[in-house]
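I open these notes to record what I looked up in this structure, entry by entry.

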Amino acid sequence: MFLYYYDNVRHEPMNDFFYRVHEVVMQIPVGKVTTYGTIARHIGAGRSARTVGFALNAVADDDRIPCHRVVNRNGELSGKMHFATPTRMRELLEAEGIEFNGERVKMERHFWEP
DNA sequence: CGGCTGACTGCGA
DNA sequence: TTCGCAGCCAGCC
């Protein structure tokens with residue numbers, strides 16, 4: 001358990017939606033990716049995929065949480081504009097051995113489900 | 001309370 | 001296969 005803040009507010013780990021999103025993201029293995037919808041379902045909020053993206057935005061600068069390993073259902077890097085540079089997300093993934101097919105991650109090879 | 005905004009998704013065409 | 005659209009719901013006024 002680590003201290004957990006954003007917007008200067010302390011959130012309660014077991015009840016907080018954002019915290020639960022981050023807990024799952026931290027478990028994604030190197031070389032794997034998962035999707036917004038998968039995370040939403042896993043924490044029992046199956047229809048809140050968009051809010052999962054919002055939760056990642058809150059910790060974009062936190063290197064404990066590998067936001068770059070979360071992509072959309074098609075394997076596209078829909079969140080790349082929220083990184084320091086437009087190519088940063090892809091660079092991080094490729095450095096971990098993730099392979100692409102054009103603009104998309106090869107999901108059949110790298111998809112990971114909690 | 002009510003309205004608006006997304007790093008989304010499933011489904012029909 | 002790809003595209004458009006309507007749902008969705010936590011946060012933040």
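Entry 1: a phenylalanine and its accessibility. I looked up F18 in this predicted model and found a relative accessibility of 12%. The cut-off for buried is under 20%, so I recorded F18 as buried.

Entry 2: the ring partner. I then searched for aromatic pairs and counted two. One of them joins F18 and F54, with 6.0 Å from centre to centre and 75° between the planes, and I noted this pair as edge-to-face. F18 belongs to helix α1 (residues 17-25) and F54 to helix α3 (residues 49-57), so this pair ties together parts that are 36 residues apart in sequence. I also looked up the accessibility of F54, which has a relative accessible area of 55% and is exposed. F17, F18 and F54 make up one aromatic cluster.

Entry 3: a charge over a ring. I examined R90 and found its charged end over the ring of F100, at 3.9 Å from the ring centre.

Entry 4: the nonpolar core. Which residues touch the most other members of the largest nonpolar core? I found 18 residues in this core, and those with the most contacts to other members are V21, V25, I39, V52, L56 and V70. Helices α1, α2 and α3 are the elements that give two or more residues to this core. The largest share, four residues, comes from α1.

Entry 5: the surroundings of the DNA. I turned to DNA strand B and listed 16 residues around this strand, of which Y36, G37, R50, R73 and H82 come nearest. Of the atoms of DNA strand B that come within 4 Å of the protein, sugar and phosphate account for 41%. By class, I sorted the surface near the strand into five nonpolar, nine polar and two charged residues.

Entry 6: individual contacts with the DNA. Which part of DNA strand B is 2.8 Å from an N or O atom in the side chain of Y36? I identified a base nitrogen there. For G37, I noted a backbone N or O atom 3.0 Å from a phosphate oxygen of DNA strand B. For S78, a polar backbone atom is 3.3 Å from a sugar or linking oxygen of the strand. The elements that give two or more residues to the surface near DNA strand B are α2 (36-42) and α3. I recorded α3 as the source of the largest share of this surface, with six residues.

Notes. Residues numbered from 1 in each chain as written. Chains lettered and ligands numbered in written order. Predicted model: local features only at pLDDT ≥ 70, side-chain atom pairs only at ≥ 80, totals over all residues. Heavy atoms only, no water. Phe/Tyr/Trp six-rings, centres within 6.5 Å; stacked < 30°, edge-to-face > 60°. Buried < 20%, exposed > 50% of the residue type's maximum accessible area, 1.4 Å probe, protein only. Lys NZ or Arg CZ within 6 Å of the ring centre and 35° of its normal. Near = heavy atom within 4 Å. Polar contact = N/O pair within 3.5 Å; in protein donor to acceptor, adjacent residues only side chain to side chain. Nonpolar A, V, L, I, M, F, W, Y, C, P; charged D, E, K, R; others polar. Core = buried A, V, L, I, M, F, W, Y, C linked by side-chain atoms within 4.5 Å.
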